[in-house]
Amino acid sequence: MMTKDAEFILATLERNHGMMEFTDKSTPEEINEVFNMSKAAFKRGIGSLYKEKKIILHQDRIEKV
């Protein structure tokens with residue numbers, strides 16, 4: 001079961017043609033500005049999506065599978 005944070009991240013990826021230039025190294029301010037969530041919530045969301053094999057993590061971006 002996906003969390004609301006993971007669902008929002010996935011929806012954002014879909015709106016951006018399956019790719020976005022955010023990673024777990026993005027600043028808390030950038031994440032909060034775009035996603036309106038804490039960096040910890042963002043990392044939990046992408047971690048969940050990664051475990052479910054819905055995203056690929058790159059050094060400079062996140063890509064939807």
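User: How do I read whether a side chain counts as buried, partly exposed or exposed?

Analyst: Buried means under 20% relative accessible area, exposed means over 50%, and partly exposed lies in between. This is a predicted model, and Phe8 is a good place to start. With a relative accessible area of 34%, Phe8 is partly exposed.

User: Thanks! How many aromatic pairs does the structure hold?

Analyst: There are three aromatic pairs in the structure. One of them joins Phe8 and Phe35, whose ring centres are 6.2 Å apart. Planes over 60 degrees apart count as edge-to-face. The planes of Phe8 and Phe35 meet at 85°, so this pair is edge-to-face.

User: Where in the chain do Phe8 and Phe35 sit?

Analyst: Phe8 belongs to helix α1 (residues 4–15) and Phe35 to helix α2 (residues 28–35), so to speak of distant parts of the chain is fair: they are 27 residues apart.

User: And is Phe35 buried or exposed?

Analyst: Phe35 is buried, at a relative accessible area of 3%. Phe35 also pairs with Phe22: their ring centres are 5.2 Å apart and their planes are at 80°, so that pair is edge-to-face too. Phe22 lies in the loop between β1 (19–20) and α2, 13 residues from Phe35. Phe22 is buried as well, with a relative accessible area of 16%.

User: Which residues form the aromatic cluster?

Analyst: Phe8, Phe22, Phe35 and Phe42 form one aromatic cluster.

User: What sits over the ring of Phe8?

Analyst: That is the charged end of Arg15, 5.9 Å from the centre of the Phe8 ring.

Note on methods:
Residues numbered from 1 in each chain as written. Predicted model: local features only at pLDDT ≥ 70, side-chain atom pairs only at ≥ 80, totals over all residues. Heavy atoms only, no water. Phe/Tyr/Trp six-rings, centres within 6.5 Å; stacked < 30°, edge-to-face > 60°. Helix = DSSP H or I, 4+ residues; strand = E, 2+ residues; numbered from the N terminus. Buried < 20%, exposed > 50% of the residue type's maximum accessible area, 1.4 Å probe, protein only. Lys NZ or Arg CZ within 6 Å of the ring centre and 35° of its normal.
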